[in-house]
Amino acid sequence: MVFDIYYISRIEEYARKQTDKCLIIKPKTFCSAYKVHCYSEEMKRCDKEVMKYA
């Protein structure tokens, strides 16, 4: 599968925005270490799809 630069940059922008506004993780570590997650289900699916080919 081929991902265009717009798709990848949208995912990156979303990830940075979510990380910047996170109130739980200070300093930033791994979200998987916490029970509360701020990523939408749609963006989780997008991340998984991209990471299959990374």
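The following exercises concern a predicted model of one chain.

**Exercise 1.** Determine how many disulfides the chain contains, and explain why Cys-46 forms no bond.

*Solution.*
1. A disulfide requires two cysteine sulfur atoms within 2.5 Å.
2. For Cys-46, the closest cysteine sulfur belongs to Cys-38 and lies 15 Å away, so the separation is too far for a bond.
3. The count is therefore zero disulfides.
4. As to surroundings, Cys-46 is buried at 10% relative accessibility, whereas Cys-38 is partly exposed at 36%.

**Exercise 2.** Identify the aromatic pair found in the whole structure, classify its geometry, and state which parts of the chain it ties together.

*Solution.*
1. The search returns one aromatic pair, formed by Tyr-14 and Tyr-39.
2. The ring centres are 5.3 Å apart and the planes meet at 80°; an angle over 60 degrees counts as edge-to-face, so the pair is edge-to-face.
3. Tyr-14 belongs to helix 1 (residues 5–20), while Tyr-39 sits in the loop between helix 1 and helix 2 (41–51); the pair therefore ties together parts 25 residues apart in sequence.
4. Tyr-14 is buried, with 18% relative accessibility, and Tyr-39 is partly exposed, with 22%.

**Exercise 3.** Describe the chain as a whole in terms of secondary structure, contacts, burial and charge.

*Solution.*
1. The chain has two helices and zero strands.
2. Of the contacts with a separation of 6 or more, 59% join residues 24 or more positions apart.
3. Buried residues account for 17% of the 54 residues.
4. The exposed area is about 4,700 Å², of which carbon and sulfur atoms supply 61%.
5. There are 11 positive and 8 negative side chains, and the centres of these two sets lie 8 Å apart.

Notes:
Residues are numbered from 1 along each chain as its sequence is written. This is a predicted model: local features need pLDDT of at least 70, side-chain atom pairs count only at pLDDT 80 or more; totals for chains, interfaces and linings use all residues. Side-chain values use heavy atoms; hydrogens and water are left out. Buried means under 20% relative accessible area, exposed over 50%, partly exposed in between (1.4 Å probe, protein chains only). Rings of Phe, Tyr and Trp (its six-membered ring) pair if their centres lie within 6.5 Å; planes under 30 degrees apart count as stacked, over 60 as edge-to-face and the rest as tilted. Helices (H or I, at least four residues) and strands (E, at least two) are DSSP runs, numbered from the N terminus. Contact means heavy atoms within 4.5 Å. Accessible areas come from the Shrake-Rupley method with a 1.4 Å probe; for residues, only the protein chains shown count as cover. Lys and Arg count as positive and Asp and Glu as negative; His and the chain ends are not counted. The place of a charge is taken as NZ of Lys, CZ of Arg, CG of Asp or CD of Glu.
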